[in-house]
Amino acid sequence: MRPVSKKAATGGFLLCLSLGLYLTSLTMAVAQVDRTVSMFGVGQTESTPYSLLKTIRDLYTDGEYGLAVIITAFTLIFPIGKYLALGYVYFGSSGRWRHRLLLWVKNLGQWSMGDVFVVALMVVIIRINGSLAQISMQPLPGLWVFASSVLLSMICSSLLGFDRSRGTG
């Protein structure tokens with residue numbers, strides 16, 4: 001077994017931590033939407049928490065396939081692909097595949113915050129769709145857990161990408 005540098009060990013720890021946060025954030029509520037509908041001075045308020053997986057399911061159910069595909073790509077496919085690639089970079093043997101995966105992760109890195117922007121887009125869409133009702137939205141802890149997982153995965157890919165003792169960088 002090859003020696004592991006401090007950067008690689010830190011990268012491996014951050015990879016595991018980031019993956020745990022990511023998986024947790026998928027089911028946590030990222031926002032709560034409060035809708036108040038008033039007619040003739042009588043109002044009724046409805047509060048609905050939204051998680052990433054619930055939002056994707058609701059978009060598919062409502063026939064918003066384009067938006068559902070974009071959110072699915074940025075919140076499920078890209079992050080899972082990145083975690084698989086980083087896992088192989090950390091645990092796999094050195095060689096051509098390792099270098100290719102690092103290049104792929106590096107190129108994908110420019111889209112890393114895309115998933116956070118998609119969540120922000122979700123917030124905007126929910127607010128716009130409330131033309132007949134007063135809508136307020138509050139971020140919930142799931143949003144911060146999700147954003148933390150994205151930031152930690154970016155740091156992890158940087159640490160693993162520049163670890164010279166493992167034949168990369």
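What share of the contacts in the chain with a separation of 6 or more comes from residues 24 or more positions apart? The figure is 68%. The structure is a predicted model, and the legends below go from the whole chain to close-up views.

**Figure 1. Overview of the chain, with six helices and three strands.** Read from the N terminus, the elements follow the order α-β-β-α-α-α-α-β-α. The chain has 169 residues, and 43% of them count as buried. Its accessible surface is about 9,900 Å². Carbon and sulfur atoms contribute 67% of that surface.

**Figure 2. Close-up of the tilted ring pair Y60 and Y65.** A search of the whole structure returns five aromatic pairs. In the pair formed by Y60 and Y65, the ring centres are 6.3 Å apart and the planes make an angle of 45°. The pair is called tilted because this angle is neither under 30 degrees nor over 60. Y60 is partly exposed, with 34% relative accessibility. Y65 has 51% relative accessibility and therefore counts as exposed, the cut-off being over 50%.

**Figure 3. Close-up of the edge-to-face pair Y90 and F91.** The ring centres of Y90 and F91 lie 4.8 Å apart. Their planes stand at 85°, so the pair is classed as edge-to-face. Are the two residues buried or exposed? Y90 is buried, at 16% relative accessibility, whereas F91 is exposed, at 64%.

**Figure 4. Close-up of the aromatic cluster of Y22, Y83 and F146.** Two tyrosines, Y22 and Y83, and one phenylalanine, F146, make up one aromatic cluster. In sequence numbering, the residues shown are 22, 83 and 146.

**Figure 5. Close-up of the cysteines C16 and C156.** The search of the whole structure finds zero disulfides. For C16, the nearest cysteine sulfur belongs to C156, at 8.4 Å. For C156, in turn, the nearest cysteine sulfur is that of C16. Why is C156 in no disulfide? A disulfide requires sulfur atoms within 2.5 Å, and the nearest cysteine sulfur to that of C156 is 8.4 Å away, so the requirement is not met. C156 is buried, with a relative accessibility of 1%.

How values were computed
Residues are numbered from 1 along each chain as its sequence is written. This is a predicted model: local features need pLDDT of at least 70, side-chain atom pairs count only at pLDDT 80 or more; totals for chains, interfaces and linings use all residues. Side-chain values use heavy atoms; hydrogens and water are left out. Rings of Phe, Tyr and Trp (its six-membered ring) pair if their centres lie within 6.5 Å; planes under 30 degrees apart count as stacked, over 60 as edge-to-face and the rest as tilted. Buried means under 20% relative accessible area, exposed over 50%, partly exposed in between (1.4 Å probe, protein chains only). Helices (H or I, at least four residues) and strands (E, at least two) are DSSP runs, numbered from the N terminus. Contact means heavy atoms within 4.5 Å. Accessible areas come from the Shrake-Rupley method with a 1.4 Å probe; for residues, only the protein chains shown count as cover.
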